[in-house]
Amino acid sequence: MGELRLGIRLKDVRTAAGLTQAELAERVGVSRKTVNTVENGVFVPSTPLALGLARALGVKVEDLFWLED
Amino acid sequence: MAGLDMNGSELERQERARLGRMKGGMLLLAVGVAGMGLGVLASVRAVTDDTSAGVITGVGLGLAVIGVLLTWLYRPGDQARRLAQAGGARDRAQRDRARMLAIVPFSMVAFGVLAVKAVGEVQNGTAGLGDGLMVFCGLLYGWLGPLVVMGWDGRSLRNRRLLEDELTRHHRARAVIPAFILLLTLMTGLVAVGLWRSDLAVQLAPLAICISGAAAALRFAWLERRAEADG
């Protein structure tokens, strides 16, 4: 099995929800730069953080993150 | 809305504090420039000997440099831009920590260098109280940066809720690991030097500690700043 690569659609979902990075960060309880680095693919979030982001945006975690082939 | 109001008040408080620090920097700059002027004047007019005039000029220059740095660090920003970037108390607190960690390494290395000389005096048996204090301060400063990076300083412990999150822990690991490797490398080098000149190895040890600590602090600050950038 090769290296697992994470697909990310956080920015699209967040902007569709009409939220800024700061507002989403405030809802989840992390810093704005945490949201920024997750969106840019610089930082891979833990499972609790990924679930927290999905809950704050009212979507399923699979709508935000998925494994790329 | 109460939360938003509180954030606004907090931002205003931060702005007032920033303005105060900037004014302090400008005052230091003014005092420093005045000191430099006095020093030069004293030298030109031969009011005092060259050494005293040099010391006055040097102290003035030091104060002026610190003043310029403080004024620049706490320069006014556009309020709207600050509000847009702020993103809450957590971001502001973490930004303050990164700003501090970008400055502290320079004083850490400076104290490390001074400690090298002081250890030499202790080894020669010519040390005074000042040399003993300098060794202590050098070692203390060597620990300062890493303590803040690890979140073990008083401020971090008090504000753990704001300063500690998943990205902080990620950056901490990425900052401390290379600094640890640097520390191992420097200590290995010192052991090699110690085989030839044990006194020199002991003398250089505080500097190695300070350099490694400074590396951790600078790396952490750089990672935090980079994470702030969009795109």
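In what order do the elements of chain B run from the N terminus on? The answer is a plain α-α-α-α-α-α-α-α-α, which makes nine helices and zero strands. Helices here are DSSP runs (H or I) of at least four residues and strands are E runs of at least two, both numbered from the N terminus. This is a predicted model, in which local features need pLDDT of at least 70 and side-chain atom pairs count only at pLDDT 80 or more, while totals for chains, interfaces and linings use all residues. Residues are numbered from 1 along each chain as its sequence is written, and chains are lettered from A and ligands numbered from 1 in the order in which they are written.

Confidence comes next. The model scores ipTM 0.87 and pTM 0.69. For chain B the mean pLDDT (the predictor's confidence in each residue, from 0 to 100) is 85, with 87% of residues at 70 or more. Within chain B, helix 3 has the lowest confidence, at a mean of 52, and helix 8 the highest, at 96. Residues 1-9 of chain B stay under 50, and the model gives them two contacts beyond four places in sequence; a contact is a pair of residues whose C-beta atoms, placed from the backbone, lie within 7 Å. Chain A has a mean pLDDT of 92, and 99% of its residues reach 70 or more. Among its elements, strand 1 (residues 5-8) has the lowest mean, 90, and helix 4 (residues 47-57) the highest, 96.

Chain A mixes five helices with two strands, and along the sequence they follow β-α-α-α-α-α-β. Of its 69 residues, 36% count as buried, that is, 20 or more other C-beta atoms lie within 10 Å of their own (12 or fewer is exposed, anything in between partly exposed, with C-beta atoms placed from the backbone). In chain B, buried residues make up 29% of 231. As for contacts between residues at least 6 apart in sequence, 77% of those in chain B join residues at least 24 apart; in chain A, residues 24 or more positions apart account for 59%.

Back in chain B, helix 8 has 31 residues and reaches 46 Å from its first C-alpha to its last. That is close to the expected 45 Å, the expected span being 1.5 Å times one less than the number of residues. Its buried residues are Leu167(B), Thr168(B), His171(B), Ala175(B) and Ala179(B). They pack against helix 5 (129-150), helix 7 (160-163) and helix 9 of chain B, together with helix 3 (32-39) of chain A. Helix 2 of chain B, with 24 residues, reaches 34 Å, close to the 34 Å expected, and Ala53(B), Ile56(B), Gly60(B), Leu63(B), Gly67(B) and Leu70(B) are buried in it.

The two chains meet through 12 residues of chain B and 15 of chain A. On the chain B side, helix 4 (89-124), helix 8 (166-196) and helix 9 (198-228) each give two or more residues. By class, that side has two nonpolar, four polar and six charged residues (nonpolar being Ala, Val, Leu, Ile, Met, Phe, Trp, Tyr, Cys and Pro, charged Asp, Glu, Lys and Arg, and polar the others, Gly among them).

The largest nonpolar core has 33 residues, and Ala115(B), Cys210(B), Ala217(B) and Phe220(B) have the most contacts inside it. Such a core is a set of buried Ala, Val, Leu, Ile, Met, Phe, Trp, Tyr and Cys residues joined through C-beta atoms within 7 Å. Helix 9 of chain B gives the most to this core, with 16 residues. Leaving out residues up to four places away in sequence, Cys210(B) touches Met108(B), Val109(B), Phe111(B), Gly112(B), Gly138(B), Tyr141(B) and Gly142(B). Another core, of 14 residues, lies apart from it and includes Ala22(A), Ala25(A), Val30(A) and Leu57(A).

Two single residues round off the picture. Ala56(A) sits in helix 4 of chain A and counts as buried because it has 20 C-beta neighbours inside 10 Å. Beyond four places in sequence, Ala56(A) is in contact with Leu24(A), Arg27(A) and Val28(A). Tyr74(B) lies in the loop between helix 2 (50-73) and helix 3 (79-86) of chain B; with 19 such neighbours inside 10 Å, Tyr74(B) counts as partly exposed. Outside the same four-place window, Tyr74(B) touches Arg18(B), Arg21(B), Met22(B) and Gly25(B).
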